[in-house]
Amino acid sequence: MPDPPATVPAPPPLTAVGLLSASVLAYEVLLMRLFAIAHWHHFAFMMISIALLGYGASGTLLAWVPSLPAKHLRPLFLTGAAGFSLASVLCAAAARRLPFNALEVFWGPEQWGYLAGIYGLLFVPFFLAATGIGAVLRFHNLRVAQIYAADLGGAAIGVCLAAGILFRLPPAAAVVVVSTGGAAAALGAAFHWQVPGRGLLCLSAAGWLGLAGLGAAHGDGGVLNAYKPLAQALRVPGARRIYEQHHPMGLFTAVESPAIPFRYAPGLSLNSTARLPEQVALFIDGQAMRVVDRYRGQSASLDYLRQTAASIGLQLHPRPKRVLIADAGGGQEILRAIAYQAQHIDAVDPHPLFPRLLQGPLQEFSGWRLLEGRVRYHTTTVRGFLSSSPNAYDLIQLATQGDSGGAASAFGLNTLLTQEGLRQLWQHLNSDGLLVIPLWLRLPPRNSLKAFLTALVMLETRGVPQPADHLAMIRDWRTAVLVVGRSALSNDAQEHIREFSRRWGFDLVYLPGIREDEVNRHNILAEPLFAEGAMALAGAGRDHFRRQYKFDLRPAVDDRPFFGHFFKWRTLPEIAALRSAGGVTLLDWGYPVLVATLIQAAFFSLLLVGIPARRVSKAAAGPTGVRPPNLATLFYFGCIGGGFLFLEMAYMQRLTLALHHPLMAVTLTLGGFLLGAGAGSAAAHQALQKGLRARYLLGASLALVCALGLLQIAVMPWLLQRLGGMGLGINAAAALGLILPLALAMGLPFPLGIAVMTRNQPALIPWAWGINGCATVISAVAAPLLAIAIGYRGVMGIALGLYAAGLVVAMSIGDSERNQSSPMAPR
């Protein structure tokens with residue numbers, strides 16, 4: 001059996017590795033944006049997750065040829081980096097043009113072929129880049145810590161690069177730009193190694209930069225799924241885009257339709273005779289339609305808003321002194337408050353392009369100048385705004401909540417409709433204030449009942465006596481509206497709700513004194529499902545009803561903020577049996593898609609890890625013929641890879657509440673973890689250079705991760721609560737103070753584990769690289785599934801358990817199997 005490959009004496013091309021890693025991470029983020037626009041977010045997540053198995057495949061390839069000579073390092077890296085540069089553009093363009101439609105997968109078998117094609121195309125650039133980086137790790141195994149530090153540091157830069165470039169370029173053009181990082185990495189490595197023909201490489205790189213510039217100038221948004229609301233709107237004769245802006249938070253599109261006007265007024269009474277004003281439709285990523293209404297100052301033009309179910313709160317509380325509009329969007333809810341003569345309106349939405357459009361290109365159309373004295377538009381999250389606001393409100397009005405399409409939000413986060421979110425809203429009401437929550441209606445009932453139960457449980461936890469007396473709900477044929485009072489609803493208020501519902505043809509769902517003969521009168525269903533469900537949840541049989549119900553109605557909490565998750569596995573056979581009768585519409589896509597992605601990721605990962613196992617074992621045995629226990633390598637690097645991603649994703653969600661800005665939270669969390677881990681890996685290199693024993697450093701690093709993680713799990717709720725009212729700068733500094741020490745410790749176990757293997761079994765290093773890559777993909781998919789079940793605090797606990805298991809494996813094998821030259825037997 002040939003000896004393990006020799007270590008290359010020349011220093012590794014660290015700058016080139018960092019450049020390539022930055023390009024790959026930025027490319028991954030941009031692909032998520034591209035495919036979220038073209039399809040839906042959860043299918044984009046599935047596609048990119050499977051494609052990232054290219055990292056595992058690179059380890060399989062390098063491990064499959066254990067006797068590969070060191071002279072192949074340079075061509076492997078140069079080919080991988082340059083190949084990534086080319087493939088990242090071509091494969092993304094080809095994948096976007098495959099006619100995959102997620103809505104047809106249950107009855108169109110050809111869709112599975114298209115999906116496989118997307119997997120295969122997106123797999124290629126990740127495989128090429130990972131093979132290049134993996135080759136450097138393999139042949140420079142004595143300097144793995146330095147290489148890993150460059151890899152992670154480059155990835156941190158890539159996160160910031162992706163977020164920054166999306167302010168200037170659409171994702172398709174941005175992909176072309178970041179692809180040049182691969183060519184730059186190849187060129188940098190060529191000069192580092194003094195490769196002959198560097199001049200030709202410079203010319204090639206210059207040519208690619210020129211093409212990239214052309215591609216960036218002419219990049220398009222790709223093919224939009226024909227079933228997305230934006231695509232449907234543009235099919236209307238005469239409809240056209242009048243404004244479009246790419247942003248890291250989504251593609252923002254404004255559409256006008258002068259020939260066949262938009263008529264968007266959720267909850268409008270079927271008895272209404274009011275005329276709707278001219279409207280401009282707004283879309284984010286081709287969905288989530290909102291509108292800007294033309295407003296010229298005439299009160300009569302707002303009559304249609306007075307005739308919608310969502311106006312019930314303002315009917316009970318006309319001429320309010322202070323109103324808060326949550327998720328204000330294009331301003332229709334602002335006009336609702338204006339229709340009832342609100343004196344001061346705080347409008348809040350985290351997307352900065354909404355106020356920019358209202359106060360800029362559509363200023364005349366929206367009548368913003370007429371509103372400026374009474375309306376202040378705040379660009380932040382609603383909870384972030386309330387954390388720093390001392391104001392109490394007569395009315396807090398939410399935009400229509402839930403998924404109007406019924407499929408895409410099963411693992412989307414909604415921190416307003418958690419128990420803590422509703423409590424924060426409720427606490428900012430005056431003593432007689434009202435919280436109004438409109439929801440899209442779905443049959444069988446689910447989101448309306450879940451919101452009702454969440455509000456009920458929130459009031460119970462606040463110690464409110466007779467909490468059901470604070471609640472009311474009405475519905476029309478398309479929406480339901482939940483009213484939560486700071487005080488119990490008076491008899492007069494209840495009669496006012498009855499009168500308003502009777503006048504405009506809305507159905508009562510719940511009132512404290514509701515009678516069975518009052519429900520299901522106008523928008524008639526075969527059974528009064530909404531009223532029966534609400535009354536069951538407000539009564540003594542709540543727990544039995546919730547357990548027997550076909551959908552998951554558990555109230556969402558900040559630790560498990562998945563308001564849109566309703567799926568129960570026991571309903572799947574029933575839905576499948578109704579497939580031919582349209583039963584697929586009952587399915588909440590997100591959760592089954594995540595499970596399908598996890599199954600695929602686990603299957604392909606086991607395949608990639610298992611293929612070279614026997615050959616790697618023979619190579620590691622060497623002339624002695626004693627094979628090391630491969631399960632130890634598999635388990636150790638799987639544990640630290642999975643634990644890393646679990647912690648990263650859990651912190652990303654938890655810190656979103658503290659930072660009050662989704663983009664800032666994602667960028668700071670990912671960048672902070674990668675930068676901190678890179679610093680930890682660099683520190684590991686320095687420690688090894690000083691002669692410190694890898695075995696002791698390895699054990700200490702794993703124990704440190706566990707200790708810091710447990711400490712932060714304990715203090716994080718306390719810290720987040722106290723950061724609520726602080727400024728963004730203080731919150732960001734505090735978030736980095738949490739992340740960096742833990743991330744630094746998390747950057748140690750991988751390079752130290754490789755250092756231990758370098759002493760004993762260097763032939764296993766590529767396999768370990770592949771195992772770590774596969775584990776990160778599996779954990780990225782598994783994290784939201786676990787969070788739905790046990791919350792992100794539980795995910796953090798599992799992550800620390802994985803690190804603890806890695807510690808046990810590393811130490812126990814070192815004690816018990818040293819004589820067998822175990823790959824994880826530190827000396």
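The protein chain has 30 helices and twelve strands, where helices (H or I, at least four residues) and strands (E, at least two) are DSSP runs numbered from the N terminus. This is a predicted model, in which local features need pLDDT of at least 70 and side-chain atom pairs count only at pLDDT 80 or more, while totals for chains, interfaces and linings use all residues. Residues are numbered from 1 along each chain as its sequence is written, and side-chain values use heavy atoms, with hydrogens and water left out.

Begin with the whole protein chain selected. Of its 827 residues, 61% count as buried; buried means under 20% relative accessible area, exposed over 50%, and partly exposed in between, with a 1.4 Å probe and protein chains only. The protein chain exposes about 31000 Å², of which carbon and sulfur atoms supply 61%, the areas coming from the Shrake-Rupley method with a 1.4 Å probe, and for residues only the protein chains shown count as cover. Among contacts (heavy atoms within 4.5 Å) between residues at least 6 apart in sequence, 77% join residues at least 24 apart.

Next, select residues 54-64, which make up helix α3, a mostly covered element with nine of its eleven residues buried. Those buried residues are Gly54, Tyr55, Gly56, Ala57, Ser58, Gly59, Thr60, Leu62 and Ala63.

Now move to residues 471-475, strand β10, where five of the five residues are buried. In a regular strand the side chains alternate between the two faces of the sheet. In β10, Leu471, Met473 and Arg475 point one way, whereas Ala472 and Ile474 point the other way.

Keep β10 displayed and add residues 479-485, strand β11, which runs antiparallel to β10 and is joined to it by five bridges; two strands pair if DSSP finds at least two bridges between them. The two strands form a hairpin, with three residues between them. Then add residues 507-510, strand β12, which pairs with β10 in the antiparallel sense over three bridges. Arg475 is a useful residue to label here, for it stands opposite Ala480 in β11 and opposite Asp507 in β12.

Finish with Gln494, which has its place in helix α19, residues 491-504. Is Gln494 buried or exposed? Because its relative accessibility is 7%, Gln494 counts as buried. To see what surrounds the residue, select Leu489, Leu511, Pro512 and Gly513, with which Gln494 is in contact when its neighbours within four places in sequence are left aside.
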